[in-house]
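Hi there,

Here is the model I promised to pass on to you. Have a look at it first, and then read on for my notes.

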Amino acid sequence: MSFFKGFKVTAEQIGHVVTVQYPEHKRPKPERFHGRHVLNRYEDGMEKCIGCELCAGVCPARCIYVRGADNPEDAPVSPGERYGFVYEINYLRCIHCDLCVEACPTEAITESKLFEFSFTNRQDAIYTKSELVVADDGNPQQLPWEDWNETSRQDTSSWMRATSPSGSAAFEGTTQWSGELGYGVRPPEPPQVVARPKPLDSEAPAADPEGGDGH
Amino acid sequence: MMPVALAHLVAVGDPLFSGGAGDTLATLAIVVLKAVVTFVVLLVGVLFMVWFERKVISDMQNRIGPNRAGPFGILQTLADGIKLFFKEDLLPDRADRRVFKLAPYLSLVPAFLAFAIVPVGGTITIAHHKTFLQLADPPIGILFLLAMSSVAVYGVMLAGWASGSKYPLLGSVRASAQMVSYEAAMGLSVATIVLLAGSLSTHDIVTAQSGGVTNLFILKAGLIPFFIFMIAATAELNRPPFDLVEAEQELVGGFHTEYSSIRFALFFLAEFMNTITMSAVVVTLFLGGPSGPGFHFLTWLWPILWFVAKLFVFLFTYVWLRATLPRLRYDQLMDLGWKVLIPASLGWLLIMAAIQLELWYAGVGLVLGLLAWAMLARAMRVGRERSASTFARGGVTP
């Protein structure tokens, strides 16, 4: 009587609650969660952004506006020749695809895990450089309308560190990123160094020397 | 047998009205009081039922359900009701205004009236007047329920027709077809019970079932009328899996698409009131209503507790059905109603009638019933084959 099996299935669900009471109880966010951006700085306090506008060029939502300028001789902002003079992100347009993070040659822009922020007018939705650049302790600025929790606040570049550098599995475990203000050179994320779970498709070669499965 | 049954009908009745003409005022007061109490209890019951349904179905879907208004969200329905009351009351331009405004009441009033015949407890004494714990015990009893559920069709049908919009119209066409089809099967299974009880009065039906589990009509009538009545009642209520009338995916909201504000709330009130009423009627007809073992203290309370406990089982079953079963297709609905339920209930009624007279009549009835069933099955198969071959030849089915 397969007709009655369905009744058993629904009855068995009673007591297994999956939903959490969101504002009071928050689940830990995934390792590679895409939240609002931060502009990183080197350990010596210099800004990483060089004003190349690659992020603005790759952005599918056209939400980034960058204007580069030559570094002032006496007080350089970034180690290179130029720096991001104007940097604005419109969060009414951003779709958090992280293509800007992938495009950035200096790891200047990364995404934090913050998504709980709101605005009361359109102008406030445009974050400028003064709001995006990390504070002097290396953590994102805690703006009054943003609801941060401490652990996600300290972890703004894990997406980058969780992927294989250059998309090649052969570079697993190697560090190919620069240091960050307040944290130095961070270690690779756990998924990289811990043994991977077996691939679902058992026919696929388990040990590919060149790491061809870098999809 | 007939004279006995008739005498039975005349002899009983609510003791409230057998006191003579001396105290009509007190009698009237008690009747009004009972009506008000019934209405309030039913309204509170609806508040509870909506909350209960949402809570149970969210349990079955791994959710939490309403939990903000009041403890365990029990006041959620009240909050929704208040919200609906203050919403703008839209009246479509192309609507038939008078009928559009009338339809919700045609839904609600029968829903309330149908509950009037349900006995919810034993006999109580108010100010030296003995009376049944049921709003009315008319001699036509259960026929009144069938009449009311037929009138309720008009509420749905006129709502769809008066909206001046296509989806409500389609919904109401479905509704009238569905409710009319299933009414027949429901009436025939009720007839089986009436046959056993020898009376139409709900009070007598309950009395006939007192004194032991074996007296309950669910067993005495042989389970089949019970299942037929349950299926037909679910269809009458337009509840899943028979909610083709509302069918959100196909018809937006069905007959109440154009309704908003308090008129929409009235439809919902009626729907849930009907759910409670139908569960109560199933309890009355098949499970002996308020009868059950009691104790010597608080003698008036035990029947009510038994009634509520039995009612609760069916309310839960309705929610469970909704959580489990997908909606039927329209042709499946009609097939089930006309080709399965009506023949089955008719055949069973004949067999039960034969048993009442002589046992060997029942044997003859059974053989005749099987023969009729075989002929019906054969006719259906021939019909299917013919239409299939017509399709195969590229022809059009008539």
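To start with chain A: among contacts between residues at least 6 apart in sequence, what percentage join residues at least 24 apart? The answer for chain A is 70%. Please keep in mind throughout that this is a predicted model.

**Chain A as a whole**

Chain A has 215 residues, and buried residues make up 40% of them. Its secondary structure comprises seven helices and five strands. Read from the N terminus, the order of elements is α-β-α-β-β-α-β-β-α-α-α-α.

**The sheet in chain A**

Three of the strands of chain A form an open sheet, in the order β2-β3-β5, with antiparallel pairing. In that sheet, β2 and β5 of chain A are the edge strands: each has a single partner strand, so one side of each is left without a neighbour in the sheet. As a reminder of what holds such an arrangement together, strands of a sheet pair through backbone hydrogen bonds, either parallel or antiparallel.

You can follow the pairing residue by residue. Strand β2 of chain A covers residues 64–70 and strand β3 of chain A covers residues 82–90; seven bridges link the two in the antiparallel sense. One place to look is Asp70(A), whose bridge partner in β3(A) is Arg82(A). On the other side of the pairing scheme, β3(A) is joined by two bridges to strand β5 of chain A, residues 126–127, and these strands also run antiparallel. Here Asn90(A) has Ile126(A) of β5(A) as its bridge partner, while Ile89(A) stands opposite Tyr127(A) in β5(A).

**A backbone detail in chain A**

Glu107(A) caught my eye when I went through the torsions. Its phi is near 55 degrees, a positive value in a residue other than glycine. Glu107(A) sits in the loop between α3 (99–103) and β4 (109–111) of chain A. Is Glu107(A) buried or exposed? With a relative accessible area of 14%, Glu107(A) counts as buried, because the cut-off for that class is under 20%.

**Where the chains meet**

Chain A brings 14 residues to the contact and chain B brings 13 residues. About 1200 Å² is buried between chain A and chain B, and carbon and sulfur atoms give 60% of that area. How many salt bridges are there between chain A and chain B? The count is one: Glu24(A) pairs with Arg68(B), with the closest N and O atoms 3.4 Å apart. There are also eight residue pairs in polar contact between chain A and chain B, counting pairs with both residues at pLDDT 80 or more. On the side of chain A that touches chain B, the residues divide into seven nonpolar, six polar and one charged.

**Points of interest in chain B**

Phe72(B) is another residue that is not a glycine and yet has a positive phi, of about 55 degrees. Phe72(B) lies in the loop between α2 (24–60) and α3 of chain B. At 65% relative accessibility, Phe72(B) counts as exposed, because that class begins over 50%.

Phe86(B) is found in the loop between α3 (76–85) and α4 (97–115) of chain B. Phe86(B) is exposed as well, with a relative accessible area of 68%. If you would like a sense of distance, Phe86(B) and Met230(B) are 144 residues apart in sequence and 37 Å apart in space, C-alpha to C-alpha.

Ser261(B) is worth displaying with its surroundings. It belongs to helix α11 of chain B, residues 261–286, and at 5% relative accessibility Ser261(B) counts as buried. Which residues does Ser261(B) touch, not counting those up to four places away in sequence? They are Leu84(B), Phe85(B), Lys87(B), Glu88(B) and Asp89(B). For Lys87(B), the backbone oxygen lies 3.1 Å from a polar atom of the Ser261(B) side chain.

Finally, there is a cis peptide bond between Pro240(B) and Pro241(B), with omega about 5 degrees. Pro241(B) lies in the loop between α9 (224–236) and α10 (248–251) of chain B.

Enjoy looking around in it, and do write back with any questions.

Warm wishes

Conventions. Residues numbered from 1 in each chain as written. Chains lettered and ligands numbered in written order. Heavy atoms only, no water. Contact = heavy atoms within 4.5 Å. Buried area = accessible area lost by both parts, 1.4 Å probe. Salt bridge = Lys/Arg side-chain N within 4 Å of Asp/Glu carboxyl O. Polar contact = N/O pair within 3.5 Å; in protein donor to acceptor, adjacent residues only side chain to side chain. Nonpolar A, V, L, I, M, F, W, Y, C, P; charged D, E, K, R; others polar. Helix = DSSP H or I, 4+ residues; strand = E, 2+ residues; numbered from the N terminus. Buried < 20%, exposed > 50% of the residue type's maximum accessible area, 1.4 Å probe, protein only. Pairing = 2+ DSSP bridges.
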